[in-house]
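Subject: Structure handover

Hello,

Here is the structure we spoke about. Please open it alongside this note; my findings follow below.

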Amino acid sequence: MASTADIKNGIVLNIDGALWTIIEFQHVKPGKGGAFVRTKMKNLMTGKVVDKTYNAGTKIDITNVDRRDFQYLYNDGNEYVFMDKTNYEQLSVPEVVVGDAKNFMLENQDVQIALHEGTPLYVELPASVVLEITYTEPGLQGDRSTGGNKPATVETGFEIQVPLFLEIGTKVKVDTRDGSYQGRVND
C-alpha cells in the first residue's frame, strides 16, 4: 500500500475493484486544518472523470500497469489488431478500448497500449500525427492565411477544422488529444 504522497500524474489506482488513472493532482496545505490532496481521476473502463479529495497520508492502492510498444496493423470490424514490437504477437483490442484514438491511427503506426493482467486498458498515441487531407471544399477568391476555418476530412475519415487556404493532398499535423490543426507539413 502506498500513501497520498506517492500520487503522480499517470499512475493507476485500484478503487473498489475499478481502475482509475490520475489526470491531475494538487497537494493543498491550508493555513488552518490538515493538508489534503485534490485529484482528478478517469475510470479506465468507462471513461468517466471524477474529482476526489484525500486527506494527507491516506493509504491508496497503486496498481501496476504495463505500457508496451505496439504497431497498429488493421481494423477487423469492431476489433483493432496490433502487433507487439518485442515478441511480434498480435493483440485484438475492442473499439470501445481504442476510443478516439481510431480517428488518428494509420496502418503501421506505433502506439503504446496499457495492459493490466493481459487486458488492454487504453491506447496511447503520440501527441501529434501527420495526416493527409482527402477532402475539403476549395478556398474562395480573397481567402487569406488568417481568419476563418473550414472542415476537412483526413485519410482516417476524421473531420478537422483547417485554414481556408489548405487543399486536398496537403499533409497537416493534428493534435491527437483534441483533434485540432497544428500546421502544414512540407515533405
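K102 and E95 form a salt bridge in this predicted model, with 3.5 Å from N to O. K102 is partly exposed, at 30% relative accessibility. E95 is partly exposed too, with a relative accessible area of 27%. Residue E95 falls in helix α1, which spans residues 95–98.

How many salt bridges does the whole structure hold? The search finds five. Side chains of opposite charge can pair when their charged atoms come close.

Two more of these are worth opening together. D66 forms a salt bridge with R68, and the closest N and O atoms are 3.4 Å apart. The side chain of R68 also meets that of D84 in a salt bridge, again listed at 3.4 Å, N to O. This D84–R68 pair links distant parts of the chain: D84 sits in strand β9 and R68 in strand β8 (residues 66–76), 16 residues apart. D66, R68 and D84 are thus linked in a network of salt bridges.

Buried or exposed: how does D84 count? D84 has 2% relative accessibility, so it falls under the 20% cut-off and counts as buried. Its partner R68 is partly exposed, at 30%. D66 is partly exposed as well, at 38% relative accessibility.

Next, the aromatics.

The count comes to three aromatic pairs. In one of them, the rings of Y72 and Y80 have their centres 6.0 Å apart. Their planes stand at 40 degrees, so this pair is tilted. Y72 is buried, with a relative accessible area of 6%. Y80 is buried as well, at 7% relative accessibility. Y72 and Y80 join F82 in one aromatic cluster.

Another pair is F104 with F158. The geometry here is edge-to-face: 5.2 Å centre to centre, with 70 degrees between the planes. Why does this pair tie together separate parts of the chain? F104 lies in the loop between α1 and β11 (110–116), and F158 lies in the loop between β14 and β15, so the pair joins parts that are 54 residues apart in sequence. F104 is buried, with a relative accessible area of 3%. F158 is partly exposed, at 24%, because that value lies above the 20% limit for buried residues and below the 50% limit for exposed ones.

Now the sheet.

Five strands form an open sheet, in the order β15-β14-β13-β16-β17. The pairing is antiparallel. Which strands are at the edges? They are β15 (159–163) and β17 (181–185), each pairing on one side only. Neighbouring strands of this sheet are turned by 50 degrees against each other on average, direction ignored.

Within the sheet, β13 (residues 128–136) and β14 (residues 149–154) pair in the antiparallel sense over three bridges. I133 stands opposite V154 in β14.

Last, confidence.

The protein averages a pLDDT of 88. Of its residues, 95% score at least 70. Where is confidence lowest, and where is it highest? The lowest mean is in helix α1 (residues 95–98), at 86. The highest is in strand β9 (residues 79–84), at 94. Strand β9 is also where D84 of the salt-bridge network sits. Where pLDDT is low, the predicted coordinates should not be read in detail.

Best regards

Terms used
Residues are numbered from 1 along each chain as its sequence is written. This is a predicted model: local features need pLDDT of at least 70, side-chain atom pairs count only at pLDDT 80 or more; totals for chains, interfaces and linings use all residues. Side-chain values use heavy atoms; hydrogens and water are left out. pLDDT is the predictor's confidence in each residue, from 0 to 100. Helices (H or I, at least four residues) and strands (E, at least two) are DSSP runs, numbered from the N terminus. Two strands pair if DSSP finds at least two bridges between them. Axes are lines fitted to C-alpha atoms, for helices over the stretch in contact, and angles run from 0 to 180 degrees between N-to-C directions. Rings of Phe, Tyr and Trp (its six-membered ring) pair if their centres lie within 6.5 Å; planes under 30 degrees apart count as stacked, over 60 as edge-to-face and the rest as tilted. Buried means under 20% relative accessible area, exposed over 50%, partly exposed in between (1.4 Å probe, protein chains only). A salt bridge is a side-chain nitrogen of Lys or Arg within 4 Å of a carboxyl oxygen of Asp or Glu.
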